[in-house]
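Please find below a note on the model under review. The points are meant to be read beside the sequence and the structure.

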Amino acid sequence: MKIGVSSCLVGINCTYSGSHNLISGLKKLYKDDKIIIACPEVLGGLSIPRDPAEIQGKEPFVIKTNKNQDVTYEYIKGANKALNIFLENDVKIAILKFRSPSCGNDGVYDGSFSHRLIEGQGVFAQLLEEHGIKVFNEYQIDEFLKYIKDDEYSQYFKNEEDL
């Protein structure tokens, strides 16, 4: 089974700040060709680095940067491109970046750039779930391993530094 993963979680410098959010166990899986990676924000045409962005509203759906630039189109475009990559590779489950406006599956920032969380999902996480792909974040590795019930993957997360 192929697993989809946010590119930043395998150590690729693609976050808004130009860094990564490495999870060593996921990098090991990537090196062993067990996962498919994508960064919807980069696929949508956003630069590295880029201004931070947050979801500003659901109806109408709007994502803006901290400098008030509307980047909704880029986020939606990138989410669709990343979805196609995952579908083409028969991905059924994904581990995405926590609280990202693209990848967050368990709350997102409220749009005020004050680190306040609200219920909701990022545009890519929501799109994946609409297409039947189960989404976890990097803090849900234990739940992910229980969900897939596959001991082959648990070997990649034996040490604390792998999480």
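The numbered points that follow take up helices, the pocket, aromatic contacts, single residues and backbone features in turn.

1. Status of the model. The structure is a predicted model, and the remarks in this note should be read on that footing.

2. Helix α1. This helix spans residues 24–31, and its buried residues are G25, L26 and L29. They lie on the same side of α1, because the arc they cover around the axis is only 100°. A general point on helix geometry applies here: an α-helix has 3.6 residues a turn, so residues three or four places apart point the same way. The cover over the buried residues of α1 includes the strands β1 (3–6), β2 (35–38) and β5 (93–96), together with helix α6 (151–154).

3. The residue after α1. D33 comes just after α1 and belongs to the loop between α1 and β2. Its phi is positive, about 60°, although D33 is not a glycine. Is D33 buried or exposed? D33 is exposed, since its relative accessible area is 56% and the cut-off for that class is over 50%.

4. Helix α5. Residues 141–148 form this helix, in which I141, F144, L145 and I148 are buried. Viewed down the axis of α5, these buried residues fall within an arc of 95°, so they line one face of the helix. What do the buried residues of α5 pack against? Their partners are β1, β5, β8 (134–137) and α6. Strands β1 and β5 and helix α6 also appear in the cover of the buried residues of α1. After α5 comes K149, with a positive phi near 50°.

5. Aromatic contacts. The whole structure contains 4 aromatic pairs. One of these joins F136 and F144 in an edge-to-face arrangement, with 6.0 Å from centre to centre and 75° between the planes. F136 and F144 are both buried. Together with Y147, F136 and F144 make up one aromatic cluster. F144 is also among the buried residues of α5.

6. The largest pocket. Its volume is about 550 Å³. The lining consists of 27 residues, and those nearest the centre are Y16, K97, R99, S100 and P101. Helix α2 (40–43) and strand β3 (53–58) each contribute at least two residues to this lining. How many residues of each class line the largest pocket? There are 14 nonpolar, 8 polar and 5 charged residues.

7. V42 in helix α2. V42 is located in helix α2. V42 is partly exposed, as its relative accessibility is 32%. Apart from neighbours within four places in sequence, V42 contacts C14, I48 and R50. V42 and A79 are 37 residues apart along the chain, and their C-alpha atoms are separated by 9.7 Å.

8. The loop between α2 and β3. S47 is in this loop, as is P49. S47 counts as partly exposed at 43% relative accessibility. From S47 to Y16 the C-alpha distance is 8.0 Å, with their positions 31 residues apart in sequence; Y16 is also among the residues nearest the centre of the largest pocket. The peptide bond joining I48 and P49 is cis, with omega about -10°. I48 is also one of the contacts of V42.

9. The second cis peptide bond to check. E59 and P60 are linked by a cis peptide bond whose omega is near 0°. P60 is placed in the loop between β3 and β4.

10. T65 and strand β4. T65 is part of strand β4, which covers residues 61–65. T65 is buried because its relative accessibility is 6%, where the cut-off is under 20%. Setting aside residues up to four places away in sequence, T65 touches D51, P52, A53, V71 and F113.

11. N68. This residue lies in the loop between β4 and α3 (72–88). N68 is not a glycine, yet its phi is positive at about 70°. With a relative accessible area of 54%, N68 is exposed.

12. D151 in helix α6. D151 is located in helix α6. D151 counts as exposed at 68% relative accessibility. D151 and F86 are 65 residues apart in sequence, and their C-alpha atoms are 23 Å apart in space.

Conventions:
Residues numbered from 1 in each chain as written. Predicted model: local features only at pLDDT ≥ 70, side-chain atom pairs only at ≥ 80, totals over all residues. Heavy atoms only, no water. Buried < 20%, exposed > 50% of the residue type's maximum accessible area, 1.4 Å probe, protein only. Helix = DSSP H or I, 4+ residues; strand = E, 2+ residues; numbered from the N terminus. Arc of directions from axis to C-beta. Contact = heavy atoms within 4.5 Å. 1 Å grid on protein atoms, 1.4 Å probe; cavity = no way out; pocket = protein on both sides within 12 Å on 5 of 7 lines; lining within 4 Å. Points joined across faces, edges and corners; volume = space filled by probe spheres on them. Nonpolar A, V, L, I, M, F, W, Y, C, P; charged D, E, K, R; others polar. Phe/Tyr/Trp six-rings, centres within 6.5 Å; stacked < 30°, edge-to-face > 60°.
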